[in-house]
Amino acid sequence: MSIEAELRAEYDRWQRREIAAFQVLPYFLLAICTVVALLLPFWKVSLPLPAVLGLTLATASWLLWFHTLHRGWLRNAALTGLYYTVLMVLAAGLVAIAPWYGLFAFVGYPQAFQYLKGRWRYAGAAVTSMIMAVSYLGGVATIIAGFWWAWAAISLISTVLAWISSYFVELADQRNLKQKQALAELHEANRKLEGALRENAGLHAQLLVQAREAGVLDERQRMAREIHDTLAQGLAGILTQLQAAEQKPDEPATWRRHLTNAMDLAREGLVEARRTVHAVEPEVLAKARLPDAISDVTRRWSEVHHIDAVLTTTGDPRPMHTDVEVTLLRAAQEALANVAKHANASRVGLTLSYMEDLVTLDVRDDGVGFEPDAKRANGSANGGFGLAGMRQRVQRLAGRLDIESEPGGGTAISATVPAIPAGGGQ
């Protein structure tokens, strides 16, 4: 159980005990006074017993009817005032006949505090003090005999003390009420907090599932891009070389050259496939800086396809984050592969530009061009999976891929990514 719940339970226990005590107290005091009245004849004390017992029975009935059986009626201010007034009249009558009933008259204090409101509480305390002062002096006969001034003084002192006590009791009651309200508000806040924690736990579990699914999807896309950029392009190159060799069966030198190119492509594809599986950066980047790696890829591509290709580097070449360099290298490979397959170009120009916050790779060819907005046979816009994979790579780094082309006007591809230095975060 929480501390807040324990405090509320303890407060409720004390409140129940207090209510039970206030319920029983009038009957208990009335019973003691009645027992004394019944015992007095045995001590040869003259007492109008029928009148005392009659008033006692009336008082007990009045308490039973309002104080015990119909407490809900006392929420009405008029009925409350009537109940307390009659109770004090009965108590005064008992004290006038039998002074020791002043012990019972004491209930006027807690009854005033329990049932009266505001200034009426203090009025009830004053009336109770005046009735009990009669008891202190031994009855009405003493006052009539000339001790009215003593009754007035005792009444005044008792009233002042009762008012002071009532004031502090009221302050304590207000403090208890505020504490109860604070505990109720704390309970409600804890309930809402527990609900929020349960909701957050559910959201956390949902986020974990979504993160896991996103991780799986991202890994699938990575594998798809890598397979396309390595195995698919390598197999396409091998097929091209074998087809070229098949067309020159009578030229051994040419036939061997194409076969050698095919074998070299197969070896490179196998190495890249292994590095892809283990999520290792491309071999060419592991051995050289990005400008040198792209230059080496461009040179070998040019030798295989007999198309002039030149790389120009501008700005201040500096080591970049692995993801940045891999993205630009794969963009260069994909762009060159597309030129070889579709452009029918005679010249390709590549420009690697290092700027303060960005790194850009531009690839331009003088080929047949195409309509960038037209959908390919596979249904993807802006080209086949190669361009889509290139766009995914660039956008994954919060970069941008621009494609400019028109039929007969060549093609220009520009990949721009943030210049994240080596060792920096994404």
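User: Which loop holds H306?

Analyst: In this predicted model, H306 is placed in the loop between α10 (290–305) and β1.

User: Why is H306 called exposed?

Analyst: The relative accessible area of H306 is 58%. The exposed class begins over 50%, so H306, at 58%, belongs to it.

User: What makes the phi of H306 worth a remark?

Analyst: Phi of H306 is near 55°, which is a positive value, and the residue is not a glycine. Most residues other than glycine have a negative phi.

User: Where is A398, and what is its phi?

Analyst: A398 lies in the loop between α12 (385–396) and β4 (400–405). The phi of A398 is positive, about 60°, although the residue is not a glycine.

User: How do you know whether A398 is buried or exposed?

Analyst: A398 has 65% relative accessibility. That value is over the 50% cut-off, so A398 counts as exposed.

User: What makes V310 partly exposed, and in which strand does V310 lie?

Analyst: V310 is in strand β1 (residues 308–314). Its relative accessible area is 39%. Buried needs under 20% and exposed needs over 50%; because 39% falls in between, V310 is partly exposed.

User: Which residues does V310 touch, not counting those up to four places away in sequence?

Analyst: V310 touches T298, R347, V348, G349 and L350. As for V363, 53 residues from V310 along the chain, the two C-alpha atoms are separated by 9.9 Å.

User: How do you know that strand β2 and strand β3 pair?

Analyst: Strand β2 (residues 347–354) and strand β3 (residues 358–365) share seven bridges in the antiparallel sense. Pairing requires at least two bridges, so seven satisfy the rule. G349 stands opposite R364 in β3, and a hairpin of three residues joins β2 to β3.

User: What makes β3 and strand β5 a pair?

Analyst: Eight antiparallel bridges connect β3 with strand β5 (residues 411–418). With at least two required, eight are enough, so the two strands pair. L358 stands opposite P418 in β5.

User: How many aromatic pairs are there?

Analyst: Counting ring centres within 6.5 Å, the total is 11 aromatic pairs.

User: Why is the pair of W65 and W73 called edge-to-face?

Analyst: The ring centres of W65 and W73 are 5.9 Å apart and the planes meet at 75°. The first value is within 6.5 Å and the second is over 60 degrees, so the rings pair and the pair is edge-to-face. W65, at 43% relative accessibility, is partly exposed. W73 is partly exposed too, at 38%.

User: What makes the pair of Y83 and Y115 edge-to-face?

Analyst: The centres lie 5.5 Å apart and the planes are at 85°. Because 85° is over the cut-off of 60 degrees, the pair of Y83 and Y115 is edge-to-face.

User: Which helices hold Y83 and Y115?

Analyst: Y83 is in helix α3 (residues 77–97) and Y115 is in helix α5 (residues 108–115). The two are 32 residues apart, and the pair links distant parts of the chain.

User: How do you know whether Y83 and Y115 are buried or exposed?

Analyst: Y83 has a relative accessible area of 0%, and Y115 has 8%. Buried means under 20%, so Y83 is buried and Y115 is buried. Y83 and Y115 form one aromatic cluster with W62, W65, F66 and W73.

User: Why is R121 said to sit over the ring of F113?

Analyst: The charged end of R121 is 4.2 Å from the ring centre of F113. The distance limit is 6 Å, so 4.2 Å meets that part of the rule.

User: What makes T128 a buried residue?

Analyst: T128, in helix α6 (residues 119–136), has a relative accessible area of 0%. The limit for buried is under 20%, so T128 qualifies. Leaving aside neighbours within four places in sequence, T128 is in contact with Y84, M88, A105, F106, G108 and Y109.

User: What is the confidence over the chain, and where is it below 50?

Analyst: The mean pLDDT of the chain is 81, with 82% of residues at 70 or more. Over residues 377–384 the pLDDT is below 50; this stretch has 14 contacts in the model beyond near neighbours in sequence.

Definitions and conventions:
Residues are numbered from 1 along each chain as its sequence is written. This is a predicted model: local features need pLDDT of at least 70, side-chain atom pairs count only at pLDDT 80 or more; totals for chains, interfaces and linings use all residues. Side-chain values use heavy atoms; hydrogens and water are left out. Rings of Phe, Tyr and Trp (its six-membered ring) pair if their centres lie within 6.5 Å; planes under 30 degrees apart count as stacked, over 60 as edge-to-face and the rest as tilted. Buried means under 20% relative accessible area, exposed over 50%, partly exposed in between (1.4 Å probe, protein chains only). Helices (H or I, at least four residues) and strands (E, at least two) are DSSP runs, numbered from the N terminus. A charge sits over a ring if NZ of Lys or CZ of Arg is within 6 Å of the ring centre and within 35 degrees of the ring normal. pLDDT is the predictor's confidence in each residue, from 0 to 100. Contact means heavy atoms within 4.5 Å.
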